[in-house]
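I opened this model to look up overall shape, surface and a handful of single residues. My entries follow in the order I made them.

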Amino acid sequence: MSETEENLPSERETPHEGAVGKADNPFADPGLPPHEHRIQDIDERAAKRSERTVAMLFLVSMLATVAFIASYVAIPIDKIVYIFPLGHVSGLNFALGLTLGVALFCIGAGAVHWARTLMSDEEVADERHPIEATPDVKAKVLADFAQGAKESQFGRRKLIRNTMFGALALVPLSGVVLLRDLGPLPEKKLRTTGWKKGVRLVNQSTNLPLRPEDIAVGSLTFAKPEGLEENDEDFANKIAKDALMLVRIQPQNIKDKQELAWSHEGIVAYSKICTHVGCPISLYEQQTHHVLCPCHQSTFDLSDGGRVIFGPAGHALPQLHITVKDGFLEAASEFAEPVGPSFWERG
Amino acid sequence: MKKLSARRRHPLAALVVLLFALAVTGGLYAAFAPADKAQADDTAQSLAIKEGKKLFAVGCASCHGTGGQGTSDGPSLVGVGAAAVDFQVGTGRMPAQQPGAQVPRKRNIYNNAQIDQLAAYVASLGPGPSVPDKAQYSADGADIGKGGELFRTNCAQCHNFTGKGGALTNGKFAPTLEGVDPKHIYEAMQTGPQNMPSFGDGTLSPQNKKDIVAYLGAVNGDKTASPGGMELGGLGPVTEGLFGYIFGLGACVAVAIWVAARTTKAKKS
């Protein structure tokens with residue numbers, strides 16, 4: 001019994017702390033410190049000096065604005081000048097930036113200096129109003145509400161009440177229907193590409209159909225389907241799905257059986273679109289056969305079926321089954337799976 | 001003649017005739033036979049190969065094998081061609097300090113004549129791309145705009161849009177192309193050094209390569225203008241963001257401190 005009593009907090013505090021407590025309260029409002037004067041408040045010469053400084057800053061701003069207009073008129077747009085830490089820069093850009101910067105900064109600096117040295121710095125406390133309404137106002141509002149509810153007969157006329165609820169519930173549907181106009185449904189666009197059986201692989205750099213002998217071991221070639229031209233109306237949308245990268249790996253170094261079967265003498269064709277969020281990936285390391293995506297560092301192993309070996313990508317890089325006909329490389333089928341990033345219905 | 005005729009039945013006559021016939025045949029052969037082999041050793045090409053072989057034995061053979069056949073420490077050099085040697089040795093990458101995927105550029109320890117000799121030797125091991133001549137990589141007749149387009153399609157993923165370089169996996173990196181000899185850029189595309197894929201003539205035509213080299217000369221030259229100035233390495237948002245955070249926010253903080261600082265006070269006397 002006595003041990004438990006010892007562990008209780010001592011009860012000495014309440015009786016005689018009252019008087020000392022007020023003075024010792026660490027949270028008591030200390031009030032404002034006594035006002036001290038600045039040099040400018042007591043020395044008219046110092047005040048004059050501050051005035052001149054502020055006026056000087058405003059004057060510099062004016063001159064800078066004039067210089068801004070003058071350089072806009074005078075400096076030709078293609079004039080290149082050498083300025084030490086910056087290098088060869090456009091003279092017009094530099095002059096406009098410098099003068100406008102000086103003009104704006106001097107207005108601000110003048111205003112701050114004015115406020116700091118000349119405007120009154122006496123601190124004034126302004127107490128807030130209480131947020132709560134007075135009891136009278138509260139009572140009146142509640143009485144008005146009760147009277148309004150009674151006069152509207154809302155509780156009595158149930159037909160009006162129920163039809164109003166119905167109307168309010170239906171109105172938002174018109175907005176939902178309008179959402180349909182945000183665009184056509186994607187249909188099968190996410191699942192299909194321009195590649196199908198018999199489409200030739202065309203070199204994106206030379207615009208010529210590719211032959212197997214163009215692709216050496218350790219090289220990297222980008223291909224697009226035959227018939228897709230850069231000035232086609234829909235080129236950007238189509239190349240975003242059709243872009244291929246072609247590399248050649250010694251067949252004995254290809255670890256994945258399906259990859260080997262879909263290659264032509266070690267030439268493998270992979271989608272260039274990352275399966276994470278669709279960045280074009282082609283940071284190909286020819287010794288490791290790794291491809292790195294520059295956006296989020298997903299890394300794929302092109303010698304092992306495009307397997308993800310690092311990073312956030314969710315599935316392997318899709319490979320295109322290729323073959324050779326009449327000496328030119330062509331697709332043997334479509335992509336077996338959708339290219340690019342995942343989407344809800346992808347499965 | 002009589003004397004000779006009298007001794008024709010001498011026991012040694014047959015031997016003398018045989019020796020005489022051999023000497024004549026040999027002499028005639030030496031005089032008229034095509035003298036390829038004997039002369040070939042004196043041509044500049046084979047001298048270069050010979051000298052190159054000696055240099056190779058000293059500087060390269062420990063990793064690439066005495067005949068350039070490759071070892072566990074270094075790849076085979078059969079068929080890499082003179083262009084690969086000119087690039088690797090000309091930029092100081094080879095001889096490498098240590099084997100590995102990333103072989104950085106360093107001071108070149110061979111002179112041009114020695115590089116040519118090494119290149120001649122390695123080229124003799126198997127057919128490969130030869131060192132390009134000046135007309136192939138000079139900017140004359142190149143389309144800089146097309147070169148920029150090709151660069152962005154084929155090279156920019158690793159080397160950045162204007163060839164400032166960038167990071168790869170496991171500490172490897174694509175080096176900057178600033179200040180690199182146009183010849184070496186051309187050779188790198190031909191041969192695919194280290195982890196860089198090659199861009200043979202089937203992938204990028206010689207004219208394509210010329211355009212790319214000209215583009216890099218235009219964006220990275222000494223006189224290249226940068227209208228905005230302050231490129232901060234031209235690396236994009238990383239350096240720009242860091243600069244903005246440190247100096248932009250730093251300036252804002254400094255001004256805020258100035259606005260709110262206590263002014264000097266004076267005692268009223």
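**Surface and charge, chain B.** I began with the surface. Chain B exposes about 16100 Å², and carbon and sulfur atoms supply 63% of that area. Accessible areas come from the Shrake-Rupley method with a 1.4 Å probe; for residues, only the protein chains shown count as cover. Next I looked up charge. Chain B carries 26 positive and 19 negative side chains, and the centres of the two sets are 9 Å apart. Lys and Arg count as positive, Asp and Glu as negative; His and the chain ends are not counted. Each charge is placed at NZ of Lys, CZ of Arg, CG of Asp or CD of Glu.

**Ground rules.** I noted that this is a predicted model, in which local features need pLDDT of at least 70, side-chain atom pairs count only at pLDDT 80 or more, and totals for chains, interfaces and linings use all residues. Residues are numbered from 1 along each chain as its sequence is written, chains are lettered from A and ligands numbered from 1 in the order in which they are written, and side-chain values use heavy atoms, with hydrogens and water left out.

**Fold and shape, chain B.** I found 13 helices and three strands in chain B. Helices (H or I, at least four residues) and strands (E, at least two) are DSSP runs, numbered from the N terminus. The radius of gyration of chain B is 33 Å, against near 18 Å for a compact globule of 269 residues. That radius is taken over C-alpha atoms, and the globule rule is 2.2 Å times the number of residues to the power 0.38. The C-alpha trace of chain B spans about 150 × 40 × 40 Å along its principal axes. Buried residues make up 34% of chain B. I use buried for under 20% relative accessible area, exposed for over 50% and partly exposed for in between (1.4 Å probe, protein chains only). I also checked contacts, meaning heavy atoms within 4.5 Å. Of the chain B contacts between residues at least 6 apart in sequence, 61% join residues at least 24 apart.

**Chain A, the same checks.** Chain A has nine helices and 14 strands. Its radius of gyration is 39 Å, where a compact globule of 347 residues would have one near 20 Å. Its C-alpha atoms fill a box of roughly 100 × 80 × 70 Å along the principal axes. I read 31% of the chain A residues as buried. Chain A exposes about 23200 Å², with 61% from carbon and sulfur atoms. The mean positions of its 35 positive and 45 negative charges lie 9 Å apart.

**A:Thr275.** I looked for this residue and found it in the loop between β7 (267–271) and β8 (283–285) of chain A. Is A:Thr275 buried or exposed? It is buried, because its relative accessible area is 1%. A polar atom of its side chain lies 2.7 Å from the backbone oxygen of A:His315. Beyond residues up to four places away in sequence, A:Thr275 touches several others, including A:Phe300, A:Ala313, A:Gly340 and A:Ser342.

**A:Leu32.** This one sits in the loop between α2 (13–24) and β1 (37–38) of chain A. It counts as partly exposed, because its relative accessibility is 49%. Leaving aside neighbours within four places in sequence, I found A:Leu32 in contact with A:Glu123 and A:Ala125. From A:Leu32 to A:Thr192 I get 74 Å, C-alpha to C-alpha, across 160 residues of sequence.

**B:Phe161.** I placed B:Phe161 in the loop between α10 (156–159) and β1 (166–167) of chain B. Its relative accessible area is 58%, so B:Phe161 is exposed. It still touches B:Phe151, B:Arg152, B:Ala156 and B:Tyr215, not counting residues up to four places away in sequence.

**Backbone oddments.** Which peptide bond is cis, with omega near 0 degrees? I found the one from B:Met94 to B:Pro95. B:Pro95 is in the loop between α6 (81–90) and α7 (112–123) of chain B. I then looked up positive phi outside glycine. A:Gln153 has a phi of about 60 degrees and lies in the loop between α6 (135–152) and α7 (158–179) of chain A. B:Leu232 has phi near 55 degrees and lies in the loop between α12 (206–220) and α13 (237–260) of chain B. A:Gln153 is partly exposed at 28% relative accessibility, and B:Leu232 is partly exposed at 29%.

How values were computed
A polar contact is a pair of N or O atoms within 3.5 Å; within protein, one must be able to donate a hydrogen and the other to accept it, and residues adjacent in sequence count only if both atoms are side-chain atoms.
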